[in-house]
Amino acid sequence: MRKPQSFQWNEISLGACYYPEHWDKSLWEEDLERMKAVGIRMIRIGEFAWSKVEPAEGEFTYEFFDGFLEVACKAGMKVIFGTPTATPPAWLTEKYPEVLNCRMDGVKFRHGMRRHYNYNSPVYRKLSVRIVEKLAGRYASHPSVIGWQIDNEINCEVDVFYSESDTWAFREYLKKKYATLEKLNQELGMIFWNQEYTDWEEIYVPRTTIHDSANPHLTLEYYRFISESAIAFCKMQSDIIRKYTKPGDFITTNGMFNHLDNHRMMDDALDVYTYDSYPNFAYCLEEDPIHSKSLNDRKWSHHLSRVRSICPHFGIMEQQSGANGWNTRMEAPAPKPGQMLLWAMQSIAHGADYVSFFRWRTCTVGTEIYWHGILDYDNRDNRKLREIAQIHKLAQSVKCLAGAQYQACFGVLEDYDNLWDADVDVWHSRLEKASKKEIFAASQLNHTPMDYVELSDDTEYEELKKYPVLLYPHGLILTKRRAALLKTYVEKGGCLVIGARTGQKEEHGRCVTTPMPGLLSELTGTTVEEFTFVGAMDGTVCMDWQKERLDTGIFNDVLETVSEDVKVLARYTSNYYAGKPALTERSAGAGKALHFGGTFTRETVEAMLEYLGCLSPYAGEIELPQECELCVRKKEGNRYFFVLNYSADEQKIVLKQEMTDLDSGEKVCGTIKMKGYGVVVLR
């Protein structure tokens, strides 16, 4: 069972990321006053400033941050202090090169970028402990400091680690988990291609091989090890900071990145979780848009749904305020007028109670000279600053929504074993990406809000029961504990929909020798007769269901019923398995389980949600075009409708009952015109 988060903001509020080390001291006071004038009351500092406190090994000076915090205190600005371990200083990496992360071939990542260290270097851990202890001991009691950010974007830039320290730590991890080499060889299938180990010293983190194809089961274990290492590094810092924090202060870090169990990191080390939201990535010149025009930046709603599963009432530590880009990559256009407000409200609509903009002023030096902030290099007032004032005005009108619960109509089950297995297994990855994209598109275009729901061996029925429908797209890895939980969910009234390849593997990623869907076969009353990708020469393979012909996606499991009470809802219409079951249903207790042999398309998801009675649940109250997203938050019996127009064009929405526009305070009903990139919040 998940631990409840231990910190929540008590009102919707705004902040900014500020780097006093980048600017002359003469600007500090003016900057903070200009921030306050547009509604910014909190800043994050310090996360890349190790050398401002320890300019040489063992030499500590506090003059710089003492001086800045004096200015912040005078201005009444609250501060989130970042630990600076994401960028070790040059003296450290030069003297202790063993702290550096490496490429798979062993070449070290040298000083000059960021996140070039590894979590398992004893030297780096020792020096990180010391700098965090010094900073927390000095500043946690300061009246302006109300929160701490650990490191910066853990597992960003690289989510794989190949240093010698990682190999040593990986061996210890495996010894603790498997105890003997015999057990490791057996459970990880090392017999294949003569990979059996006879000494622990023979085991390394993945190394360069032909096609970089290492043993997939050992690689899956390696990803679990990376997550353990990152969480331990985060917890090491939070344990230190917690000794010094004042009552009511919080500890966070900004995510969300791969090969990291963010749910466990939240439970073990943090009080609240924060995310960095950059919807403008959808418009980078290197991007190949895969969605319709109004779905591109809505992919960040998809990401925010994942964040909400980690921490229901989260914060945004870095919110898009200008064009993103480095001098080496990610060229992008500037956000259009209105998009800053749209994207900030997108975050709030999905559960963010704090939104901090990156950054106050665009940096004039370094790699991020094109990662634009609110102000440009010239420091003049501009349309972005005026838009921040508009965001503040709207945020003030909805500030009471802090703590409001996001209202999802269905859930999508997700677990780290399968997410990481999809990184190991390209067959799995292709299915996973296709179905998740299409489930999200169906949710958005039909105004049917969804949640991601974590599934682990610690998940309890109480965490699932609020969802009348749960989709588990491609749970290749399935454990007995999770299968039993899903059976309980169905028998107590839930509706579970599983997709192709369910139950193919056990926890190490080894294929099981029982027919799919494996541990769920008794629940669904089905097995998989055979399976195939849909090839380019096959055309589109469909199924006939409810008088519609629906695309069954890029992969097809051919189903076989093995229980008399199974209903065949749809059959394939083409390929060599035409006429065979594609979709089945079986009742169990008060609920039912649907087994779908394909990958999900937006049309099949729409049809399934309609069949299961949860499609477009707010259609009787509000009518929206597909260009608009609908989010609903609920607090103290009141429901709040966020309508977000992702189109540059005016859109019309129709209210079928009287509501209150929170921005104007007026009662509204009937047709409302929304300007391009417009937002309206209704009670």
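**View 1. Gly613 is an exposed loop residue.** The relative accessibility of Gly613 is 67%, so the residue counts as exposed, the cut-off being over 50%. The model shown here and in the other views is predicted. Gly613 sits in the loop that links helix H16 (602–611) to strand S22 (622–623). Cys409 is 204 residues away from Gly613 in sequence. In space, the C-alpha atoms of Gly613 and Cys409 are 9.9 Å apart.

**View 2. Nine strands form an open parallel sheet.** The 9 strands are ordered S5-S4-S3-S2-S1-S9-S8-S7-S6. Strand S5 (250–252) and strand S6 (254–255) are at the edges. Each has a single partner strand, so one side of each lacks a neighbour in the sheet. Helix H10 (residues 339–349) packs on this sheet. H10 touches strand S7 (274–277), strand S8 (315–320) and strand S9 (354–358). The direction of H10 makes about 160° with that of S8. Helix H11 (residues 383–397) lies across strand S1 (13–17), strand S2 (40–45) and S9. H11 runs at about 150° to S1.

**View 3. Strands S3 and S4 run parallel within the 9-stranded sheet.** Strand S3 (residues 78–82) is joined to strand S4 (residues 145–149) by 4 bridges. Phe81 has Trp148 of S4 as its bridge partner. In a regular strand, side chains alternate between the two faces of the sheet.

**View 4. Asn155 combines a positive phi with burial.** Asn155 belongs to the loop between S4 and H5. Its phi is about 75°, although Asn155 is not a glycine. Most residues other than glycine have a negative phi. The relative accessible area of Asn155 is 3%, so Asn155 counts as buried, the cut-off being under 20%.

**View 5. Helix H7 is mostly covered.** H7 spans residues 216–242, which is 27 residues. At 1.5 Å a residue, H7 should span 39 Å. The end C-alpha atoms of H7 are 39 Å apart, in agreement with that value. Of the 27 residues in H7, 21 are buried. Asn215 caps the N-terminal end of H7. A side-chain oxygen of Asn215 lies 2.9 Å from the backbone nitrogen of His217.

**View 6. Helices H5 and H7 cross.** Two packed helices are described by the angle and the distance between their axes. The axes of helix H5 (residues 164–178) and H7 come within 10 Å. They cross at roughly 105°. H5 is therefore roughly perpendicular to H7. H5 makes the contact through Asp166, Ala169, Phe170, Tyr173, Leu174, Lys177 and Tyr178. H7 contributes Leu218, Glu221, Tyr222, Arg224, Phe225 and Glu228. An α-helix has 3.6 residues a turn, so residues three or four places apart point the same way.

**View 7. Four strands form an open antiparallel sheet.** The 4 strands are ordered S10-S23-S24-S27. Strand S10 (405–406) and strand S27 (679–682) are the edge strands, and each pairs on one side only. Strand S24 (residues 638–645) is mostly covered, with 6 of its 8 residues buried. S24 and S27 pair over 4 bridges in the antiparallel sense. Leu644 is opposite Val679 in S27. Phe642 is opposite Val681 in S27.

**View 8. Strands S23 and S24 form a hairpin.** Strand S23 (residues 628–635) and S24 pair over 8 bridges, antiparallel. Val632 stands opposite Phe641 in S24. The hairpin has 2 residues between the strands. Glu636 of this hairpin takes a positive phi near 50°.

**View 9. Lys547 has a positive phi in an exposed setting.** Lys547 lies in the loop between strand S16 (542–545) and strand S17 (548–551). Its phi is near 65°, a positive value in a residue other than glycine. Relative accessibility is 90% for Lys547, so this residue counts as exposed.

**View 10. Cis peptide bonds join Gly255 to Met256 and Met516 to Pro517.** Most peptide bonds are trans. Between Gly255 and Met256, omega is about 25°. Met256 is in the loop between S6 and helix H8 (262–269). Between Met516 and Pro517, omega is about 5°. Pro517 is in the loop between strand S14 (495–498) and helix H15 (521–524).

Notes:
Residues are numbered from 1 along each chain as its sequence is written. This is a predicted model: local features need pLDDT of at least 70, side-chain atom pairs count only at pLDDT 80 or more; totals for chains, interfaces and linings use all residues. Side-chain values use heavy atoms; hydrogens and water are left out. Two strands pair if DSSP finds at least two bridges between them. Contact means heavy atoms within 4.5 Å. Axes are lines fitted to C-alpha atoms, for helices over the stretch in contact, and angles run from 0 to 180 degrees between N-to-C directions. The expected span of a helix is 1.5 Å times one less than its number of residues. Buried means under 20% relative accessible area, exposed over 50%, partly exposed in between (1.4 Å probe, protein chains only). A polar contact is a pair of N or O atoms within 3.5 Å; within protein, one must be able to donate a hydrogen and the other to accept it, and residues adjacent in sequence count only if both atoms are side-chain atoms. Angles under 35 degrees count as roughly parallel, over 145 as roughly antiparallel, 65 to 115 as roughly perpendicular and the rest as oblique.
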